[in-house]
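These are my notebook entries on a single structure, kept in the order in which I looked things up. The sequence and the structure are placed below for reference.

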Amino acid sequence: MIYSIVAIGDPVLKTKAKNLPSDLPAADLQQLIADMYETMYYAHGVGLAAPQIGKGVRLFVMDSGPMVEVDEEDQEEGEELEAPIKRAFINPVMVSETGEHWGFEEGCLSIPGVRELVQRNADIVLRYEDENRQVHEEAFTGMAARIIQHEYDHLEGILFTDKLSAFKKQLLKGKLARISKGDVKHDYRMRFAGDGKRR
């Protein structure tokens, strides 16, 4: 099932998500994860958090493959390639964010047509449950760390535009307001808070 992506302006995107209950039936969880992957691929994304489909729970999926392929084009000879990661993260907790900040132009399925330079830490450690509800604590770096930080922010009610300078936010204010009302081109299903319609 392909869900509509919730656009900026919907309160679910600014609300801290709640833990996914441990008694959620395994079949329901597997279906939700499968639907999130299907929705993410349909919208040509590399990550998708549950709040972006209107569900205020701590779950996101990612597949860094397309981003790693982009990096491969700029790879220097002898440089080690980053392995792509496709995974579901349930009830994640950010243990640490370290390393130098580095900038990358990010976008978001909930904010179509907007891309801005965002600074993030190079290295993270994340504690999370996998789709079989097994607990892991794992280190990530590079593009995978960036995608995870972006999606983790969604669970905290934070959008990448919140990380921009006050000046940049002011410049984008009108455009973001128009997006929230549905005045934006998009090539995937979306739901807008302004009128409640799915398009």
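**Entry 1. Strand pairing.** I began with strand 3, residues 59–63, and found it joined to strand 4 by five bridges, the two running antiparallel. Within this pairing I noted Val 61, which stands opposite Ala 88 of strand 4. I record here that the model is a predicted one.

I then asked in what order the strands of the sheet are arranged. The sheet is open and has five strands, in the order 2-3-4-5-6, with antiparallel pairing. Its edges are strand 2 (47–49) and strand 6, each of which pairs on one side only. On average, neighbouring strands in this sheet are turned by 30° against each other, with direction ignored. As a general reminder to myself, the strands of a sheet pair through backbone hydrogen bonds, in either a parallel or an antiparallel way.

**Entry 2. The hairpin of strands 5 and 6.** I counted seven bridges between strand 5 and strand 6, which pair in the antiparallel sense. One of the bridge pairs sets Glu 129 against Val 135 of strand 6. The two strands form a hairpin, and five residues lie between them.

Which residue in the turn has a positive phi? I found Arg 133, with a phi of about 65°; this is a positive value in a residue other than glycine. Arg 133 belongs to the loop that runs between strand 5 (116–129) and strand 6 (135–141). I checked whether Arg 133 is buried or partly exposed. Its relative accessibility is 22%, so Arg 133 counts as partly exposed.

**Entry 3. A second positive phi.** Asn 91 has a phi near 45°, again positive in a residue other than glycine. Unlike the loop position of Arg 133, the position of Asn 91 is within strand 4, residues 86–106. Asn 91 has a relative accessible area of 12% and is therefore buried.

**Entry 4. Salt bridges.** How many salt bridges does a search of the whole structure find? The search finds 13. I followed three of them in detail.

I took Glu 138 and Arg 87 to begin with; their side chains meet in a salt bridge at 2.7 Å, N to O. The pair links distant parts of the chain, for Glu 138 is in strand 6 and Arg 87 in strand 4, 51 residues apart. Both partners are partly exposed: Glu 138 has a relative accessibility of 25%, and Arg 87 has a relative accessible area of 23%.

I next examined the salt bridge of Glu 106 with Arg 120, in which the closest N and O atoms are 2.7 Å apart. Here strand 4 contributes Glu 106 and strand 5 contributes Arg 120, and the two are 14 residues apart in the chain. Are these partners buried or exposed? Glu 106 is buried because its relative accessible area is 5%, under the 20% cut-off. Arg 120 is also buried, at 3%.

Arg 120 has a further partner, Asp 153, with the side chains meeting at 3.0 Å, N to O. This salt bridge connects strand 5, which holds Arg 120, to helix 3, which holds Asp 153, across 33 residues of the chain. Asp 153 has a relative accessible area of 10% and is thus buried.

I then traced the wider connections. Glu 106, Arg 120, Arg 146, Asp 153 and Lys 163 are linked in a network of salt bridges.

**Entry 5. The largest pocket.** I looked up the volume of the largest pocket and recorded about 440 Å³. Its lining comprises 26 residues, of which Val 46, Gly 107, Cys 108, Leu 109 and Arg 115 are the closest to its centre. Two elements, strand 4 and helix 3 (142–155), give two or more residues to this lining.

Which element supplies the largest share of the lining? It is helix 3, with six residues. By residue class, I listed twelve nonpolar, eight polar and six charged residues in the lining of this pocket.

**Entry 6. Cross-reference.** I close with strand 4, which recurs in these entries. Strand 4 pairs with strand 3 over five bridges, holds the buried Asn 91, and carries Arg 87 and Glu 106, each in a salt bridge. Strand 4 is also one of the elements that give two or more residues to the lining of the largest pocket.

Technical notes
Residues are numbered from 1 along each chain as its sequence is written. This is a predicted model: local features need pLDDT of at least 70, side-chain atom pairs count only at pLDDT 80 or more; totals for chains, interfaces and linings use all residues. Side-chain values use heavy atoms; hydrogens and water are left out. Helices (H or I, at least four residues) and strands (E, at least two) are DSSP runs, numbered from the N terminus. Buried means under 20% relative accessible area, exposed over 50%, partly exposed in between (1.4 Å probe, protein chains only). On a 1 Å grid over the protein atoms alone, a cavity is a set of points where a 1.4 Å probe fits but cannot get out, and a pocket is an open set with protein on both sides within 12 Å along at least five of seven lines; lining residues have an atom within 4 Å of a point. Grid points are joined across faces, edges and corners, and a volume is the space filled by probe spheres set on the points. Ala, Val, Leu, Ile, Met, Phe, Trp, Tyr, Cys and Pro count as nonpolar, Asp, Glu, Lys and Arg as charged, and the others, Gly among them, as polar. A salt bridge is a side-chain nitrogen of Lys or Arg within 4 Å of a carboxyl oxygen of Asp or Glu. Two strands pair if DSSP finds at least two bridges between them. Axes are lines fitted to C-alpha atoms, for helices over the stretch in contact, and angles run from 0 to 180 degrees between N-to-C directions.
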